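I opened a fresh notebook page for a structure I had not met before. Here is what I looked up, in the order I looked.

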Amino acid sequence: MANSGIQLLGFFLSLIGIAGLIIGTILPQWKMSAYIGDNIITAVAMYQGLWMSCAFQSTGQLQCKIYDSILQLDSSLQATRALMIVGIIVSIAGLGVACMGMKCTTCGGSDRLRKSRIAMTGGIILLVGGLCAIVACSWFAHNVIRAFYNPYTPVNTKFEFGAAIFIAWGGSLLDVLGGAMLAASCPRKKQVNKYPSMASPRSGPPSSTKEYV
């Protein structure tokens, strides 16, 4: 029963994590303009994401523009895109495999040991997908920090972390946590005694006849 509860908890954590990865990948607030120096008072706030850049004006109007050419983008941004997409696809595939091996489902056969191994495989796939997303978010964050502290970067072009990267980070961590729970739910095999017992069975009942000399 406890094993089934761990599987359900890991499944729902991974499901929430995948939803967070998808939302974080779509949103444009991966980095936002930093209000430092002479850039404290401004009428426009700039946001940049993986797919578009947006400008939020003080009047409440939001204008977004999708990136025209993939080849004109920075290589780090292209790599972050690819890792996030791979992480989402791998995580969805791992969630499907884990669903087949969970105890509360009927698909995957009736063999409990086989179903547990399928769930463990799905958990490992979820771990790989979550790690891909963590690497993508951390790489993007490293580039933002490096550009922020670069003295040659103009003050009005410095950016800091936006809300979308934290959503993606949280989703990837939930994905990894759920995958770890599913991967750890495989039961251990019972140990079989390799050595026979010392007491040898008797071939038959003891003889009741006595020999007299």
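**Entry 1: Contacts and overall layout**

I began with contacts between residues at least 6 apart in sequence, and found that 67% of those in the protein chain join residues at least 24 apart. I noted in the margin that this is a predicted model.

Next I listed the elements. The protein chain has four helices and five strands. Reading from the N terminus, I wrote down the order α-β-β-β-β-α-α-β-α.

Then I looked at burial and surface. Of the 213 residues of the protein chain, 35% count as buried. The exposed area comes to about 13600 Å², and carbon and sulfur atoms supply 66% of it.

**Entry 2: The strands**

I followed the chain through β2, β3 and β4. Strand β2 covers residues 44–48 and strand β3 covers residues 52–57; they pair in the antiparallel sense over five bridges. Three residues sit between β2 and β3 in their hairpin. For a landmark, I picked Met46, which stands opposite Ala55 in β3.

On I went to strand β4, residues 62–66, which pairs with β3 in the antiparallel sense, over five bridges. Here my landmark was Met52, which stands opposite Ile66 in β4. The hairpin of β3 and β4 has four residues between the strands, and Gly60 in this hairpin takes a positive phi near 95 degrees.

**Entry 3: What the record says**

I checked the UniProt entry, which is unreviewed. Under "transmembrane region" it lists residues 6–27, 39–59, 79–98, 118–141 and 161–184.

I compared two of these spans with the model. Residues 118–141 are 100% helix and 0% strand, with end C-alpha atoms 35 Å apart. Residues 161–184 are 88% helix and 4% strand, and their end C-alpha atoms lie 34 Å apart.

**Entry 4: The nonpolar cores**

Which residues touch the most other members of the largest nonpolar core? Among its 16 residues, I found Trp30, Leu50, Met84, Cys137, Phe140 and Ile165 in that role. Helices α2 (75–101), α3 (112–148) and α4 (163–183) each supply at least two residues of this core. Helix α3 gives the most, with six residues.

Another core, of seven residues, lies apart from this one; Phe11, Ile18, Ala98 and Leu182 are among them.

I went back to Leu50 for its contacts. Leaving aside neighbours within four places in sequence, Leu50 is in contact with Thr25, Trp30, Tyr67, Leu77, Thr80, Arg81, Met84 and Phe140.

**Entry 5: Helix α4 and Gly179**

Does the length of α4 fit what I should expect, or does it differ? I tried the sum: at 1.5 Å a residue, the 21 residues of α4 should span 30 Å, and the end C-alpha atoms are 30 Å apart, so the two agree.

I then went through the buried residues of α4, which include Ala164, Ile165, Ala168, Gly171, Ser172 and Asp175. Further along α4, the list includes Val176, Gly178, Gly179, Leu182 and Ala183.

I stopped at Gly179, which is found in helix α4. Is Gly179 buried or exposed? Gly179 counts as buried because its relative accessibility is 0%, and the cut-off for buried is under 20%.

What does Gly179 touch, not counting residues up to four places away in sequence? I found Ser14, Gly123, Leu126 and Leu127. I also looked up Gly10: Gly179 and Gly10 are 169 residues apart in sequence, yet 6.3 Å apart in space, C-alpha to C-alpha.

Conventions: Residues numbered from 1 in each chain as written. Predicted model: local features only at pLDDT ≥ 70, side-chain atom pairs only at ≥ 80, totals over all residues. Heavy atoms only, no water. Pairing = 2+ DSSP bridges. UniProt positions renumbered as here; feature names shortened; annotations may be inferred. Buried < 20%, exposed > 50% of the residue type's maximum accessible area, 1.4 Å probe, protein only. Contact = heavy atoms within 4.5 Å. Areas by Shrake-Rupley, 256 points an atom, 1.4 Å probe, with all protein chains shown as cover. Core = buried A, V, L, I, M, F, W, Y, C linked by side-chain atoms within 4.5 Å. Expected span 1.5 Å × (residues − 1).
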